[in-house]
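Reader: I've got a model open and I'd like to learn how to read it. Can we go feature by feature?

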Amino acid sequence: MIPVYPIGAVDWLTTQTLYHGIAELGEEAVVLCWPTSPYVSLGCHQDGDEFDPSSKLPALRRRVGGSLVYLDDQQVFFQVILNPSRFPDVRRPMDWYRLALNPVVNYLADLGLRAELNPPADILVNGRKVSGNAGGQIDDRMVIVGNLLLDFPRDMMVQARYAPHPRLKEAFATSLDEHLMTLRQLVSDTLTPTAVMEGLTRHFADAFSGQVMPAPWDRWSATLAVVGQELQDPEWLRAPGMRLPFHQIKVREGVYLRMPRVSPKDPRASIVAEVHTDEDAIHRLWGLETWHTTLSLPLTRKCLEEKPGPKALKSLLNTLLGAHRQAQEAPLAT
Amino acid sequence: MHSSQTSRWQVLDDRAYDERHQWILTSDTLYTVGVTDYTQDTAGEILYVSLPGPGDTLVAGQPFGSIESGKWVGQLYAPAAGTVIAANDRLKEQPELLNRDPYGAGWLIKFVADAPDFVRDLHDAQTYRSQLQQLDEDHHG
């Protein structure tokens, strides 16, 4: 039996301290909640410089993976904290995601949506992301966290993400419009966070033989307070992390915006490519005006090799395609 | 260096193994730590490794670093209390070494232990191999 806590609205910091603290306490749980005010959450290994402080949003760094996300009260969070010794057949990250996200996929099916898990951790409807997720090990617990988007103010997300050039932010806004979808767009304008939480509660309780119960705040509060300070600690928050050979923003699994790390005076400095890593192709390009060249899209690595064009540009695009494998979050082997 | 593969995962005879699927290689008073073939295989494509620096203190059983693969953060645990002498800087630029060569170029840290008796609690290669075989059999029923 795993406790399921349909907590609902809590202050922004508590939405993150809950799953960290429950794991540290060695408990298991499924938590459903949302924040009463907006904030930004950075991934455990993300470079601290990718947060744009001019957004004036409060920020923390979580201890699970993934990249920077803007979060607010129009996103319903689900947080699954499990003891791995009770799931001996589940070993790979992909298996943990599947275990924890199946109830979400089933809930979306209840809403009449054909949802699919896009490895490693996005849930897509009609090819567009409605749920972003991440996971990891916190102490001796496996933790999978994510959310369902009821609504998404893409301008706030764009504002929160540092970009070395305004063109990258413009491209980010365009790509988000194309690759994200919200439940209100898909189902109904009247869908509420409470209704989504109730539906998810049923599915998580079914999947984990869960028992719905009130949150034991007295047991948790001291640990959550300490965790809250740790997650906001300036040194932890601003720490350097994964730094790729290009600036990169992930739009959804397999879709990345990439911009070269070159001097601002370099004519290539304002080029942005939307790279689809599963196809090894560039689907969109911004900033080619000064190059007086046209490139038909999508542009695969092979097309790039065969097509005549400025050598410096071709070399750059080839790099942005991801010659460096660490830029890609490839699907995990199963 | 002798190795054997009775399960799907390679195990080397020249080193010891802990409960966290990490290997420990002893050279006089210096211990080298890495992750096993099992860990790199189950993690998937490793994209980032976070390690302590020389001089940092290790607390037995506590995380000393972490790895990320597919938005998943896994922890690396100190096999004993001690002090870090060196960390594998190549992993900053080439985290894929953990997948490619977990027993060689993908080593994580070298440390000196506060007390060397921790090695008595480690498993030899044969014991670890049996554990992996059991894991494999359990998984495939």
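Reader: Let's start with a bridge. In β8(A), which residue is the bridge partner of Ala115(A)?

Author: Strands of a sheet pair through backbone hydrogen bonds, parallel or antiparallel. Here, in a predicted model, Ala115(A) has Val125(A) of β8(A) as its bridge partner. That pair sits in a wider match: β7(A) and β8(A), the latter covering residues 122-125, are joined by four bridges and run antiparallel.

Reader: In what order do the three strands form the open sheet in chain A?

Author: The order is β7-β8-β9, with antiparallel pairing. β7 (115-118) and β9 (128-131) of chain A are the edge strands; each has a single partner strand, so one side of each lacks a neighbour in the sheet. On average, neighbouring strands here are turned by 45 degrees against each other, direction ignored.

Reader: Which helix lies across β7, β8 and β9 of chain A?

Author: That's α2(A), residues 93-110, and it runs at about 160 degrees to β7(A).

Reader: And the other helix, α1 of chain A: how many of its residues are buried?

Author: Helix α1(A) spans residues 14-24, and 11 of its 11 residues are buried. Among them are Leu18(A), Tyr19(A) and Ile22(A), but also Gln16(A), His20(A) and Glu24(A). After α1(A) comes Gly26(A), with a positive phi near 75 degrees.

Reader: Now the contact between the chains. How many residues does it take from chain A and from chain B?

Author: One general note before the counts. The size of an interface is often given as the accessible area lost when the parts come together. What we have here is a residue count: 25 from chain A and 19 from chain B. On the chain B side, β6 (48-50), β8 (63-69), β9 (72-77) and α4 (125-140) each supply at least two residues. β9(B) gives the most, four residues.

Reader: What does the side of chain B that touches chain A look like by class?

Author: It has five nonpolar, nine polar and five charged residues.

Reader: Which strand of chain A is joined to β9(B), and how do the two run?

Author: Strand β10(A), residues 133-138, is joined to β9(B) by two bridges, and the two run parallel. Look at Gly135(A), which stands opposite Trp72(B) of β9(B).

Reader: Let's pick one residue of β9(B), say Val73(B). Why does Val73(B) count as buried?

Author: A residue is called buried once 20 or more other C-beta atoms lie within 10 Å of its own. Val73(B) has 25 within that distance, so it counts as buried.

Reader: What does Val73(B) touch, leaving out residues up to four places away in sequence?

Author: Its contacts come from both chains: Cys44(A), His45(A), Arg63(A), Val64(A), Gly65(A), Gly136(A) and Gln137(A), plus Ser66(B) and Glu68(B). For a sense of scale, the C-alpha atoms of Val73(B) and Leu12(B) are 26 Å apart, with their positions 61 residues apart along the chain.

Reader: Zooming out, how many helices and strands does chain B have?

Author: Four helices and 11 strands. Its C-alpha trace spans about 45 × 35 × 25 Å along the principal axes.

Reader: What is the radius of gyration of chain B, and what would a compact globule have?

Author: A compact globule of 141 residues would be near 14 Å; chain B has 14 Å, so the two agree. Buried residues account for 44% of chain B. Of the chain B contacts between residues at least 6 apart in sequence, 60% join residues at least 24 apart.

Notes. Residues are numbered from 1 along each chain as its sequence is written. Chains are lettered from A and ligands numbered from 1 in the order in which they are written. This is a predicted model: local features need pLDDT of at least 70, side-chain atom pairs count only at pLDDT 80 or more; totals for chains, interfaces and linings use all residues. Two strands pair if DSSP finds at least two bridges between them. Axes are lines fitted to C-alpha atoms, for helices over the stretch in contact, and angles run from 0 to 180 degrees between N-to-C directions. Two residues are in contact if their C-beta atoms, placed from the backbone, lie within 7 Å. Ala, Val, Leu, Ile, Met, Phe, Trp, Tyr, Cys and Pro count as nonpolar, Asp, Glu, Lys and Arg as charged, and the others, Gly among them, as polar. A residue is buried if 20 or more other C-beta atoms lie within 10 Å of its own, exposed if 12 or fewer, and partly exposed in between; C-beta atoms are placed from the backbone. The radius of gyration is taken over C-alpha atoms; the globule rule is 2.2 Å times the number of residues to the power 0.38.
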